[in-house]
Amino acid sequence: MNLIVLGPPGAGKGTQCVKVAKSFDLVQLSTGEMLRSEVESRSELGIEVKNILDMGDLVPDDMVISMLSNRMDSYNSVKGFIFDGFPRTTAQASALDKMLVEKHQKMDHVIQLEVDEAAIIERLSGRFSCSRCGAGYHNLYKKPKVDKRCDICGAEEFSRRSDDNPETVRSRLVAYREQTAPILPFYEDKGILKYVNGMKSMNEVFDNIKEILSGR
Ligand code: AP5
């Protein structure tokens, strides 16, 4: 099974993709995570894209498509992929279709998480993650069980994303509205697009996604 989780910045894509990947034994492919790790490792690609990420703009299609295609090729036998933050443009959506055909696969589900813009700002301004294992948290909605200690690995250092400041979030929202939202009709026409209310609690959103994936 292959699926895409779409939605504006802070809609909860990453949060849900981790849960779905674990529950359905899928490989999560997050282009945002891949790009941030390129920046962190100061690779050639990372140096090229750092400013783009800081500005909240989209990285050029050819770079993201080739990065994702290489990552997909690095897996031999998997039950399926869950695409987190990809595709984000019509060119990326067409390229993904082509890649799947070449691998004799298809896209089974596209989930669009719907959230209010006010919630987006609140979610992104409260988001932080473990500096060691990357587990995600929120000041209000998902605090570590023990204060200042990661639930997963026990580390005591956390960090915030540099693109979660209000100005960059505004640019990310513009990029979403102008370049990513227009891909929804592409999947609507294929009859595989489902809308999920992302304003519910994390567990309720997960339950709704599970119902869709299980065909209930
Ligand atoms: P990316 O990393 O993909 O960022 P994004 O799309 O802006 O999405 P986020 O990761 O910010 O949010 P999310 O929806 O995953 O929410 P989360 O689950 O963390 O991309 C970053 C940048 O990389 C882009 O701006 C672009 O420059 C570049 N890029 C990436 N892919 C690209 C591509 N394909 N093409 C071109 N450029 C690309 O949740 C947010 C917070 O809310 C968390 O703290 C969480 O705990 C909390 N939360 C989640 N769900 C709930 C809930 N139901 N209730 C309450 N709180 C919740």
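Where does asparagine 2 lie relative to strand 1? Select asparagine 2 and you will find it in the segment before strand 1. Before we go further, a word on what you are looking at. This is a predicted model, in which local features need pLDDT of at least 70, side-chain atom pairs count only at pLDDT 80 or more, and totals for chains, interfaces and linings use all residues. Residues are numbered from 1 along each chain as its sequence is written, and side-chain values use heavy atoms, with hydrogens and water left out. Helices (H or I, at least four residues) and strands (E, at least two) are DSSP runs, numbered from the N terminus.

**Stop 1: asparagine 2**

Keep asparagine 2 selected. It counts as buried because its relative accessibility is 4%. Buried means under 20% relative accessible area, exposed over 50%, and partly exposed in between (1.4 Å probe, protein chains only). Now show the side chain of asparagine 2: it reaches the backbone nitrogen of phenylalanine 81 at 2.9 Å. That is a polar contact, meaning a pair of N or O atoms within 3.5 Å; within protein, one must be able to donate a hydrogen and the other to accept it, and residues adjacent in sequence count only if both atoms are side-chain atoms. Leaving aside neighbours within four places in sequence, the residues in contact with asparagine 2 include Gly80, Leu100, Met107 and His109. Contact means heavy atoms within 4.5 Å.

**Stop 2: strand 3**

Next, select residues 81–84, which form strand 3. In a regular strand the side chains alternate between the two faces of the sheet. Here Phe81 and Phe83 are on one side, Ile82 and Asp84 are on the other, and all four are buried, so both faces of the strand are covered.

Which strands pair with strand 3 in the parallel sense? Strand 1 (residues 3–6) does, over 3 bridges, and strand 2 (residues 27–30) is joined to strand 3 by 4 bridges, also running parallel. Two strands pair if DSSP finds at least two bridges between them. To see one bridge on each side, pick isoleucine 4 with its partner phenylalanine 83, then serine 30 with its partner aspartate 84.

**Stop 3: proline 87 and glutamine 92**

Follow the chain to proline 87, in the loop between strand 3 and helix 5. A cis peptide bond joins phenylalanine 86 to proline 87, with omega about 0 degrees.

Now select glutamine 92, in helix 5 (residues 90–102). Is glutamine 92 buried or exposed? It counts as buried, because its relative accessibility is 2%. Not counting residues up to four places away in sequence, glutamine 92 touches Val59, Asp61, Val64, Ile65, Phe86 and Pro87. Try a distance from glutamine 92 to valine 64: they are 28 residues apart in sequence and 8.2 Å apart in space, C-alpha to C-alpha.

**Stop 4: two loop residues**

Aspartate 25 is in the loop between helix 1 and strand 2. Its phi is near 55 degrees, a positive value in a residue other than glycine. At 46% relative accessibility, aspartate 25 counts as partly exposed. Then jump to histidine 104, in the loop between helix 5 and strand 4 (109–114). Phi of histidine 104 is likewise near 55 degrees, and this residue is exposed, with a relative accessible area of 77%.

**Stop 5: the second sheet on our tour**

Select strands 5, 6 and 7. They make an open sheet of 3 strands in the order 6-5-7, with antiparallel pairing. Strand 6 (136–138) and strand 7 (158–159) stand at the edges with a single partner strand each, so one side of each has no neighbour in the sheet. Strand 5 (residues 127–130) pairs with strand 7 over 2 bridges; look for serine 129 opposite its bridge partner, serine 159.

**Stop 6: the ligand**

Finally, select the ligand. Of the 34 residues around it, Thr15, Asp57, Arg88, Arg127 and Arg172 come nearest; a residue is near a molecule if one of its heavy atoms lies within 4 Å of it. An N or O atom in the side chain of arginine 127 is 2.6 Å from an oxygen atom of the ligand. For arginine 172, the side chain likewise has an N or O atom 2.6 Å from a ligand oxygen atom. Helix 2 gives the most to the shell around the ligand, with 4 residues.
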